[in-house]
Amino acid sequence: MASILEARNVRYSYSDGPEALRGLSTTVEEGKKIALVGPNGAGKSTLMLMFNGILRPTSGEVYFNGQPMKYDSPSLRNVRRKVGLVFQNPDDQLFAPTVYQDVAFGPVNLGYPKDKTERYVSYALSYVGLSGFESRPPHHLSGGEKKRVAIAGVLAMEPDVMILDEPTSNLDPAGSEEIMEMLDELNSSGKTMIISTHDVELAYRWADLVLLMEDGKLLHYGPPSAVFADHGLVSKARMKLPAVMEIYQELKGRGVLDGDRPPRNILELTNMLETRAKVGCPKVSPGKIYLYNVDRADLKEIRSFLDSGSAKYVGAMGTSAKMTAEREKIRLDFTFGVIDKSILKATTGQSSLIMTSGGMVEHAMRRIEAYCDEWGAKIQVSVLNASVPNDPEK
Ligand code: ADP
C-alpha cells in the first residue's frame, strides 16, 4: 500500500524550548488508522503539526504522497487542504461568530463560490450531526459539539488525511465513543486517520497501527497487539498496558490461556475464556444480526420488523442512523461499540438489529464474517432492506 505521509529523520527545536523531535522516521500508509501514543511532551503534537506543514523540520524531510513537502504558500495551502488537522482544544480552532462561518472558513478561503460553500458546509454539518446549528455561536456549545464543529470545518475541505490531536480529551465516555465511531466511519470511506492519545485502551482497540513515542523519538511502530505486548517499551513510555492485554498476560502466565495472539477487546477475551471453559457446557444456538441501511429509507419495514420482536436489541452506528432513530423514536440499546455488542449478544443466543448507513453495512458484514471465520461461530446476518433502492433525497 502507498505511503501518504512520511517523516525521514526529522528533528525540530522550538526557539525557546528543548528539541521536540530527535531524528524520527516513520511512514503512514494510505487508508490506515494510526494512533500516536506517548506521554506528555513526547512530541506527538509537534509531529502532527509537521505532517500538515504548520511546522517545518529543523532537519530531515517530510513527504506527502511521495513528494518532499514544499513550504511556499501554494504548496502549503494544498497540503493543509489535503491533510486536515483538528486541534486538541476546539477553542484554539473555532473563532468565527457562528458555526456556519466557522465551517465555511476553509471553503471560502479556497475561493469556492457561495453555493458550493453552502453545499460543503451543509454536508459537513449533517455528517457530524449538527444540522440546524448553523447560526449558533460556537462558544456556547458543549465540549462534544465544539469538537464536532472543528471536525466539520476540516471535513468541509474534503481532506484525504485527518489528524486529530487527543480527539476524546474532555469528552464523557459516550461522547468519546461517538467521536471514535465517526472517525471509523470516515476511515471506511477511505480517509487516512491519525490521532494522538494517552488513552491506551482506546489506541489498542481502535488503531490499525500504534506509533509509540517518547522524548521526541520513535520507540515502536506496529499493530497494537505487538506494540502493547512489549511491556518494557510501554513502561519506558510511561504508559500502562491496556486492561485486556494485562488480563491476557496474567492468565497466560498462570497457564489458563495460551497462544501468541492477544485479544483486541472484551469480546475476544470472553471467547478465549469460553473456549477454555467450554468442555461440558451446553451449546447455545447463536442469535442473528439484522442490518438496516438507513440510506434506503422504507421505515414502514423497520417498524413492522421491530413490532415482530425478532430482534431483542437495537443499535445505531453513525450519525445519520442515530438521527433516523431519534426522528422515528426508535429506542436504542447500543449507541457505540455496536458491532461487538451485537456479536456478544448473538453468542448468548439473542438477536440484534443494527441501523447504519451505506458503506457501513458492508463494514459490519465484514467484521461479523471475520469474527465467525476466526472463532468458528455461525452467526446469521441479513440486510433487511437490501432490495430497496437508495433514497434519491439522501
Ligand atoms: P506531546 O504532544 O506529545 O505532549 P509536544 O509535541 O506538545 O508533545 O511537545 C514536545 C516538546 O516540545 C515538549 O518538551 C514541549 O514542552 C515542547 N513544546 C511544545 N510546543 C512548544 C512551543 N510552542 N514552544 C516551546 N516548546 C514547545
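**Exercise 1. Two loop residues**

Work out whether Arg238 is buried or exposed in this predicted model, then find where Arg238 sits and what sign its phi has. Do likewise for Lys329.

*Solution.* Start with the surface. Arg238 has a relative accessible area of 64%, and the cut-off for exposed is over 50%, so Arg238 counts as exposed. Next, its place: Arg238 belongs to the loop that runs between helix H9 (231-236) and helix H10 (243-253). Now the backbone. Most residues other than glycine have a negative phi. Arg238, though, has a positive phi, near 55 degrees.

Lys329 goes through the steps in turn. With a relative accessible area of 72%, Lys329 is exposed. Lys329 lies in a loop too, between H13 and helix H14 (338-347). Its phi is positive as well, near 55 degrees.

**Exercise 2. Which way does H10 face?**

List the buried residues of H10, decide how they are arranged around the axis, and say what covers them.

*Solution.* First, pick out the buried positions: Val244, Met245, Tyr248 and Leu251. Then look around the axis. These residues take up an arc of only 130 degrees, so they sit on the same side of H10. Now ask what packs over them. The cover includes helix H7 (200-206), helix H8 (224-227) and helix H11 (266-277). One last stop: just after H10 comes Gly255, with a positive phi of about 80 degrees.

**Exercise 3. A buried glutamate in H11**

Is Glu268 buried or exposed, and which backbone atom lies 2.9 Å from a polar atom of its side chain?

*Solution.* Place the residue in helix H11. Its relative accessibility is 8%, and buried means under 20%, so Glu268 is buried. Now look for a partner to the side chain: a polar atom there is 2.9 Å from the backbone nitrogen of Arg264. To finish, set aside neighbours within four places in sequence; Glu268 then touches Arg261, Pro262, Pro263 and Trp375.

**Exercise 4. The two sides of H2**

Sort residues of helix H2 into buried and exposed, and explain why the buried ones can be said to line one face.

*Solution.* Begin with the buried set of H2 (residues 73-82), which is Leu76, Val79 and Lys82. Looking down the axis, you find these buried residues within an arc of 135 degrees, so they line one face of the helix. Turn to the other side of H2, and there you meet Ser73, Pro74 and Arg77, which are exposed. Then check the cover over the buried residues: it includes helix H1 (44-51), strand E4 (59-64), strand E6 (83-86) and strand E7 (161-165).

**Exercise 5. The ligand and its shell**

Which residues surround the ligand, and how much of its accessible area does the protein cover?

*Solution.* Collect the shell first: Tyr14, Asp16, Pro18, Ala20, Pro39, Asn40, Gly41, Ala42, Gly43, Lys44, Ser45 and Thr46. By class, that gives five nonpolar, five polar and two charged residues. H1 gives the most to this shell, with three residues.

Next, go through some polar pairs. A backbone N or O atom of Ala42 is 3.1 Å from a ligand oxygen. In the side chain of Ser45, an N or O atom lies 2.6 Å from an oxygen atom of the ligand. For Thr46, a polar side-chain atom is 2.5 Å from a ligand oxygen. As for coverage, the ligand on its own has 560 Å² of accessible area, and the protein covers 64% of it.

**Exercise 6. Tyr12 and Thr319**

Give the place of Tyr12 and of Thr319, then find what each one touches.

*Solution.* Tyr12 is in strand E1 (residues 3-13) and is buried, at 13% relative accessible area. Leaving out neighbours within four places in sequence, its contacts are Glu19, Ala20, Leu21, Thr46, Met50, Leu55, Arg56, Pro57 and Thr58. Two of the names return from the ligand shell, Ala20 and Thr46.

Thr319 is in helix H13 (residues 319-327) and is buried, at 11%. Not counting residues up to four places away in sequence, Thr319 touches Ser126, Tyr127, Val128, Gly129, Arg148, Met182 and Glu185.

Notes. Residues numbered from 1 in each chain as written. Predicted model: local features only at pLDDT ≥ 70, side-chain atom pairs only at ≥ 80, totals over all residues. Heavy atoms only, no water. Helix = DSSP H or I, 4+ residues; strand = E, 2+ residues; numbered from the N terminus. Buried < 20%, exposed > 50% of the residue type's maximum accessible area, 1.4 Å probe, protein only. Contact = heavy atoms within 4.5 Å. Arc of directions from axis to C-beta. Near = heavy atom within 4 Å. Polar contact = N/O pair within 3.5 Å; in protein donor to acceptor, adjacent residues only side chain to side chain. Areas by Shrake-Rupley, 256 points an atom, 1.4 Å probe, with all protein chains shown as cover. Nonpolar A, V, L, I, M, F, W, Y, C, P; charged D, E, K, R; others polar.
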